[in-house]
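Here are some notes to read with the structure open beside you. Take the points in order, and find each residue on screen as you go.

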Amino acid sequence: MAETSSDLSVHDLNASLRQKKDAGRKLLVCYITGGLNADWLDMLYILADAGADAVEIGIPFSDPVMDGPVIQESSMQALANGATPLSILMQVEKEEPGIPLAVMTYYNLVYRMGEERFAERLIQSGITGAILPDLPIDEAAGWIETGAAHSLSAVLLAAPTTREERLNEIAAKSKGFVYAVGLLGVTGEREELSESASVLAASIKSRTETPVLVGVGISNPEQAKKVCQVADGVVVGSALVRRILENRSKQEIGAFVKSIREALD
Amino acid sequence: MATDGIDTDTKSHLMADRLQNGKFGDFGGMFIPESLIPACSDLEKAFYEAFADEAFIAALNHLLKTYAGRPTPLTYCENLSEKLGIRLFLKREDLTHTGSHKINNVLGQALLAKRMGKKRMIAETGAGQHGVAAATAAALFGLDCVVFMGEVDVSRQALNVFRMKLLGAEVVPVKSGSATLKDAVNEALRDWVASVETTHYCIGSAMGPHPYPLIVRQLQSVIGKEAKAQFRDLSGDDPDFVVACVGGGSNAIGTFAGFVDTKSRLVGVEAAGGAAMHNGIPGVVHGMRSKFLQDESGQILEAESISAGLDYPGIGPEHAYLGTIGRANYSYVNDEEVIAAFRVLSETEGIIPALEPAHALAYILRAVETGEIPADASVMMTLSGRGDKDVAQIMEILEL
């Protein structure tokens, strides 16, 4: 598949992931917390080089109820460093990692800035997707519409407890990808892959052509490979951020991501 | 309608009427992770079914009467009334089992949890009153109970921590964030995201995602229902002022529910360091759109006051609504005013209040002085809990 930097789909989460999925590639999306340390922006390039198909940039929030200890810790560190939504978005504006970027954050930060202004600001920074885990579809109509008007993909989440009729709606309305929450629980590494992950992924895939990615609890190449027997890809967050918090070298972090990439290919 | 027991009417009065799709005007809603949506929908359904079920209501009313000690009396404060030149009445929630109004809510929610087949109940707590009440109800109904409590509060309220353990509950100290009430709520929500299939989250205040603000208000409305009937019996009229303290706002919303359709002026009193109604900005946290103390980016700020029970940076969504439409007014008092009020009630009436309702009295003392409450006015104040839990803390502040 030919991609050049002049190809708009390089930046567009929705078009890029869909193209790659249709070409038979399993998708790898990596999460990092924005503003975590002085050289956090370098990670965008390291992840792109290691074979990530997109990066989710976490905008830290004071009360991250969907996150386990690792992302809580990284969020608190980033906030202590003075990270704000605007400081992160202004930093990202200057970067060109060559893969689509999305943000993951909590709705209050969007609400505070205003949905319209937040969407404009993301696009201005070259960010084409947003994941808001505490904005369920019932409350998201306005946000989805605002996103669509700005060519911003509102990624929706589905959980193992989500019932049929909601799953139809989530599968139909999610843009970029459908985020299948792999287990009942908050973000964090797990020893075992939950059985619910593949069941949910299969159920969503039967409803949509939009790529279905499993996140939460995907900790290593083996789990990624296994779940991608069904799913179109994975989101890896805590396993990566833990390594950043432990001050592992960039080479080591790159190698970890590459090992997941290779397991998927 | 029966005069004893809880108010089963969820639809007909002003407050109940305004609930549309889980929202009170612009406030409320269900802003929660997708995993929890079915649980909240099921809870809403179970609540409406239970409230329409005579056997459920009878069981709850029986417990309120024989276990919690309801109805609680309405006490006329003869000495303080004379001193202030008003007529002051106290609704005595301090006389309930476990010593605060929190018992009204937990008995109802534990019954609901049982009805839904849940085996485990989790709760958040600040000062420990809701934690103790939840542990009490869990013991009574044979439910496993885990209480999340900020690490800072665990050390401030050691006695309540021990009470919860005596009652068989596990107390989990929360170290994340500011290690106080809001972080205890976060941690309870995180637990619930993982345990939702077997666990009921027993929220302690009139806050959180729909249907919690509705359920907690309805279970606490027994306060207002009783107080209104008692006041009419005594004076043949409704009070000029109805005053209650507000953290999340459960005793206040339960009190207001009884008077919202009367001429009474409703006043909620917050702690100065947690005055979300005055200094808060609309936001979406802990499952609800309401008013929160937050910075310009939307990061939630820590509330700070002498009373752990009011240290919450937000306010229940129905209060945000009642304040916005002007049906209720919200004021705030500082720690010095609270300590003065705490002493006044102890010395003039022989009643040691909890620090939380001492906020309501502090407002009354000030409002009488400024003329906001005119001479001869009748004032009904909810004394939401007794002061035993706060005596050690006050002992460090006062020299007697």
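1. How many residues of chain A are in contact with chain B, and how many of chain B with chain A? On chain A there are 34 and on chain B 36, where contact means heavy atoms within 4.5 Å. Before you go on, note that this is a predicted model, in which local features need pLDDT of at least 70 and side-chain atom pairs count only at pLDDT 80 or more, while totals for chains, interfaces and linings use all residues. Residues are numbered from 1 along each chain as its sequence is written, chains are lettered from A and ligands numbered from 1 in the order in which they are written, and side-chain values use heavy atoms, with hydrogens and water left out.

2. Next, the area between the two chains. Chain A and chain B bury about 2,900 Å² between them; buried area is the accessible area (1.4 Å probe) that two parts lose on being put together, summed over both. Of this area, 53% is on carbon and sulfur atoms.

3. What joins the chains in terms of charged and polar pairs? There are four salt bridges between chain A and chain B, a salt bridge being a side-chain nitrogen of Lys or Arg within 4 Å of a carboxyl oxygen of Asp or Glu. One pairs Glu139(A) with Lys23(B), whose closest N and O atoms are 2.8 Å apart. The interface also holds 18 residue pairs in polar contact, both residues at pLDDT 80 or more. A polar contact is a pair of N or O atoms within 3.5 Å; within protein, one must be able to donate a hydrogen and the other to accept it, and residues adjacent in sequence count only if both atoms are side-chain atoms.

4. Now look at the side of chain A that touches chain B. The elements giving it two or more residues are α3 (69-80), α5 (107-113), β5 (153-158) and α8 (164-173) of chain A; helices (H or I, at least four residues) and strands (E, at least two) are DSSP runs, numbered from the N terminus. The largest share, five residues, comes from α5(A). By class, this side has 19 nonpolar, seven polar and eight charged residues. Here Ala, Val, Leu, Ile, Met, Phe, Trp, Tyr, Cys and Pro count as nonpolar, Asp, Glu, Lys and Arg as charged, and the others, Gly among them, as polar.

5. Lys23(B), the partner of Glu139(A), leads us to a set of strands. Lys23(B) stands opposite Gly28(B) in β3(B), and Gly28(B) in turn stands opposite Arg289(B) in β13(B). Strand β2 (residues 23-24) of chain B runs antiparallel to β3(B), with two bridges joining them; two strands pair if DSSP finds at least two bridges between them. The hairpin of β2(B) and β3(B) has two residues between the strands, and Gly25(B) in the turn has a positive phi of about 60°. Two bridges also join β3(B) to strand β13 (residues 287-292) of chain B, again antiparallel.

6. Why is β3(B) described as largely enclosed by the rest of the structure? Because five of the five residues of this strand (residues 27-31) are buried. Buried means under 20% relative accessible area, exposed over 50%, and partly exposed in between (1.4 Å probe, protein chains only).

7. Thr125(B) is worth a visit too. This residue is in strand β6 (residues 120-125) of chain B and is buried, with a relative accessible area of 2%. A polar atom of the Thr125(B) side chain lies 3.1 Å from the backbone nitrogen of Gly128(B). Leaving aside neighbours within four places in sequence, Thr125(B) is in contact with residues including His130(B), Val147(B), Phe148(B) and Leu181(B).

8. Finally, salt bridges over all chains: the whole structure has 42. Lys250(A) and Asp39(A) form one, with the closest N and O atoms 2.7 Å apart. This pair links distant parts of the chain, 211 residues apart, with Lys250(A) in helix α12 (residues 250-264) and Asp39(A) in the loop between β1 (27-33) and α2 (42-49) of chain A. Lys250(A) is partly exposed at 33%, and Asp39(A) is partly exposed at 34%. In chain B, Asp238(B) and Arg232(B) meet at 2.8 Å, N to O; Asp238(B) is buried at 8%, whereas Arg232(B) is partly exposed at 40%.
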